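Work through the following exercises with the sequence and the structure at hand, and try each task before reading its solution.

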Amino acid sequence: MAEEKKKKAYKFNFILDATKCMACAACELECKFGGIYIDDNVNYAINLDNCTRCGKCFRACPAGAISKVNIAA
Ligand code: SF4
Ligand code: SF4
């Protein structure tokens, strides 16, 4: 039986609203997992593949640009 690569199932995601972001880099400095990157449009963004949902960026953001969203079951 082929073993499937299992991904940790999270119950929520963190999302970053680029329209609220003021590019202070606080989230990037807090994230120890490579979850924060700068996308093609030169906005801060979250790579959910690296994100461990630790919440540090969420707590560090002074602009309220990062929010926690539950994943519908
Ligand atoms: S929740 Fe934690 S791991 Fe995910 S992007 Fe924010 S700081 Fe990085
Ligand atoms: S901490 Fe908030 S305002 Fe600062 S770069 Fe990250 S998302 Fe943007």
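**Exercise 1.** Place cysteine 27 in the fold, and decide whether cysteine 27 is buried or exposed.

Solution. Begin with the secondary structure of this predicted model: cysteine 27 belongs to helix H1, which covers residues 26–30. Next, take the relative accessibility, which is 8% for cysteine 27; because buried means under 20%, cysteine 27 counts as buried. Then look beyond the neighbours within four places in sequence, where cysteine 27 is in contact with Ile36, Tyr44, Cys57 and Ile66. Finally, compare positions along the chain and in space: cysteine 27 and lysine 56 are 29 residues apart in sequence, while their C-alpha atoms are separated by 7.3 Å.

**Exercise 2.** Find which atoms and side chains the side chain of arginine 53 reaches through polar contacts, and look for a salt bridge.

Solution. First locate arginine 53, which sits in the loop between strand S3 (44–46) and helix H2 (56–60). Arginine 53 is buried and yet has no salt bridge, since the nearest side chain of opposite charge, that of aspartate 49, is 6.9 Å away, whereas a salt bridge needs a distance within 4 Å. Its side chain does reach the backbone oxygen of phenylalanine 12 at 3.1 Å, and a polar contact of 2.4 Å links it to the side chain of asparagine 13.

**Exercise 3.** How do the shells around ligand 1 and ligand 2 divide by residue class?

Solution. Around ligand 1, the residues include Arg53, Lys56 and Cys57, and the shell divides into seven nonpolar, three polar and two charged residues. Around ligand 2 there are 14 residues, with Cys27 among the closest, and this shell has 14 nonpolar, no polar and no charged residues.

Technical notes:
Residues numbered from 1 in each chain as written. Chains lettered and ligands numbered in written order. Predicted model: local features only at pLDDT ≥ 70, side-chain atom pairs only at ≥ 80, totals over all residues. Heavy atoms only, no water. Helix = DSSP H or I, 4+ residues; strand = E, 2+ residues; numbered from the N terminus. Buried < 20%, exposed > 50% of the residue type's maximum accessible area, 1.4 Å probe, protein only. Lys, Arg positive; Asp, Glu negative; His and termini not counted. Polar contact = N/O pair within 3.5 Å; in protein donor to acceptor, adjacent residues only side chain to side chain. Near = heavy atom within 4 Å. Nonpolar A, V, L, I, M, F, W, Y, C, P; charged D, E, K, R; others polar. Contact = heavy atoms within 4.5 Å.
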